[in-house]
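Please walk through this protein model from its overall layout down to single residues. Explain how strands, helices and cores fit together.

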Amino acid sequence: MVDQQRDVVVVGAGPAGSSAAYWLARAGLDVLVLEKSHFPREKVCGDGLTPRGVAALAAMDVDVADDGWVRHRGLRVHGGGQVVEVDWPRLARWPSGGLIRTRADLDAQLARHAVAAGAEVRFGVTVAEPLLDDAGRVCGVRAADGEEFRSTLVISAEGLSGRLAKALGLNRRTDVPLGVAVRQYLPTTRSHDPYLDISFDLTDHGPDAESMPGYGWFFGMGDGTANVGFGLLDTRYAGDDDTRTVYRRWLRSLPASWGIDPDAPGTPLRGAGLPTSLSRRPAYTRGLLLVGDSAGTVNPFNGEGISYAMETGRTGAGVVLAALAKPAGPAREAELRRYPEILRREFGAHHRLGGLFLKGLARPELVRFATAHGLKRPAAVSIALRLMGNLSDGRDGDAVDRTLDVLHRLTPSR
């Protein structure tokens, strides 16, 4: 069975796929989104949206006024025996606050938003492989049940698996960081905390206790629970213990003030990969364009992926719209081939800097020293927050922003 010809087929209805579908459908294209799951569905994530994510939602006119959204004003950073609370920076380009919502709710809302813009979303459709024309160009996809969906272009928002990309020989690079995270929801007395807790120094009790690689988080969900998790942003620097073991060790080391009982019944502990460093390249080839985790856009500094998924969904949609405005042939293909360069220019330097940061994070003794001394200087923590969160007004900002802009411009983006 062959479905009708579409302008674009988007595979995956997460933030990247729904964002791309929204922007394409709003512009009048015939867009079909194919999603293997049925929403709402569980998705391993920290559930936190930084100001970048809030800006992406605002650009899409997503309503964030209902009770499902929890607002937070910044981070509470722990390390080296120090604790400091730092608000999100007040910048012209970005909002000054963050949001929290479970991915089960967020993804369903974004999919509905794409439908409201004119896209069609079909759930429960597992895409097995791309369809290729006589020239070897992607001209649609085939589902596991054999149904074919034809289109002028295909956007992969499949996440880390990247089945369509792999079919074209676009495998994830193994010489760049791949993170992994585990998380669960636990009952807590601090569910409405206005700060997100981040610990970059995971250390057992006692001055001579063993340090653990990675970072931990505690995000109050506003419903009597917290999203509590552990992330390792570069698995090449993993220790002998797996992430679930480290998570449980860290959880039992937390003081009572965190409001968590490690023995309290919570949801199952689940894990997921964090693809960073634009790890699947090129992000466009032969009629297939990659967005979000499929392209490896997770921020290597902090594991943030939702905002970059929505941003690249919008960027990819813009490139597709410009390409389809041109006649089929070399002119259209030249427009599409701009997409990987746009990603490299926008995110490449930041990811390279993040790789250097991860080398330091892999040395627990260095992390303990840096946090013990750095967290005594809130101004320095605020600057670090801007760098790690990729939050800046660039050349139009203050001295800190201009310095960060120079740092990014001097860092090779490949």
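In this predicted model, residues 7-174 have end C-alpha atoms 34 Å apart. The span is 24% helix and 33% strand. UniProt, in an unreviewed entry, lists these residues, 7-174, as "domain: FAD-binding".

The domain assignment cuts the protein chain in another way. Domain 1 is made of three segments, 6-69, 100-175 and 275-347. Domain 2 covers 178-274, and domain 3 covers 357-410. The C-alpha centres of domain 2 and domain 3 are 23 Å apart.

Start with strand β1, residues 6-11. Five of its six residues are buried, so the rest of the structure largely encloses β1. Two strands pair with it. Strand β11, residues 148-156, runs parallel to β1, with five bridges between them. Val-9 of β1 has Val-154 as its bridge partner in β11. β2 is also parallel to β1, and four bridges join the two. Here Val-10 is bridged to Val-33 of β2. One general point helps when viewing these strands. In a regular strand, side chains alternate between the two faces of the sheet.

Now follow the chain past β2. Gly-46 sits in the loop between β2 (31-35) and β3. Is this glycine buried or exposed? Its relative accessible area is 17%; because buried means under 20%, Gly-46 counts as buried. Leaving out residues up to four places away in sequence, Gly-46 touches Trp-217, Phe-219 and Asn-227. Gly-271 is 225 residues from Gly-46 in sequence, yet their C-alpha atoms are 11 Å apart.

The cysteines come next. Cys-45 is buried, with a relative accessible area of 16%. Cys-139 is buried too, at 14%. How many disulfides does the model contain? The count is zero, where a disulfide needs two cysteine sulfur atoms within 2.5 Å.

β3 belongs to an open sheet of three strands. The order is β3-β7-β4, and the pairing is antiparallel. Why do β3 and β4 each have a side without a neighbour in the sheet? Both stand at the edges with a single partner strand, so one side of each stays unpaired there. Two bridges link β3 and β7 in the antiparallel sense. Gly-48 has Ile-100 as its bridge partner in β7.

Helix α2 spans residues 51-59. Seven of its nine residues are buried, which leaves the helix mostly covered. The buried set is Pro-51, Arg-52, Gly-53, Val-54, Ala-55, Ala-56 and Leu-57. What do these residues pack against? Their partners include the strands β3 (48-49) and β7 (98-100). Helices α3 (103-117), α6 (306-324), α8 (338-361) and α10 (378-389) are also among them. Just after α2, Asp-61 takes a positive phi of about 60°.

Leu-57 leads from this helix into the interior. The largest nonpolar core has 69 residues. Val-31, Leu-57, Val-141 and Ile-155 have the most contacts inside this core. Helix α6 gives the largest share, eight residues. Beyond its sequence neighbours up to four places away, Leu-57 touches Leu-49, Val-62, Val-64, Trp-69, Leu-99, Leu-106, Leu-110 and Met-310. Apart from this core lies another, of 34 residues. Among its members are Trp-94, Leu-274, Leu-353 and Val-381.

A hairpin is the next stop. Strand β5, residues 74-79, and strand β6, residues 82-87, pair in the antiparallel sense over six bridges. His-78 stands opposite Val-83 of β6. Two residues lie between the strands, and in this hairpin Gly-80 takes a positive phi near 60°.

Finish at another loop glycine. Gly-222 is found between β16 (215-220) and β17 (225-232). Its relative accessible area is 24%, and Gly-222 is partly exposed. Which residues does Gly-222 touch, apart from those up to four places away in sequence? They are Val-70, Ser-191 and His-192. Pro-282 is 60 residues away along the chain, and the C-alpha atoms of Gly-222 and Pro-282 are separated by 40 Å.

Conventions
Residues numbered from 1 in each chain as written. Predicted model: local features only at pLDDT ≥ 70, side-chain atom pairs only at ≥ 80, totals over all residues. Heavy atoms only, no water. Domains from an automatic or database assignment. Buried < 20%, exposed > 50% of the residue type's maximum accessible area, 1.4 Å probe, protein only. Contact = heavy atoms within 4.5 Å. UniProt positions renumbered as here; feature names shortened; annotations may be inferred. Core = buried A, V, L, I, M, F, W, Y, C linked by side-chain atoms within 4.5 Å. Pairing = 2+ DSSP bridges.
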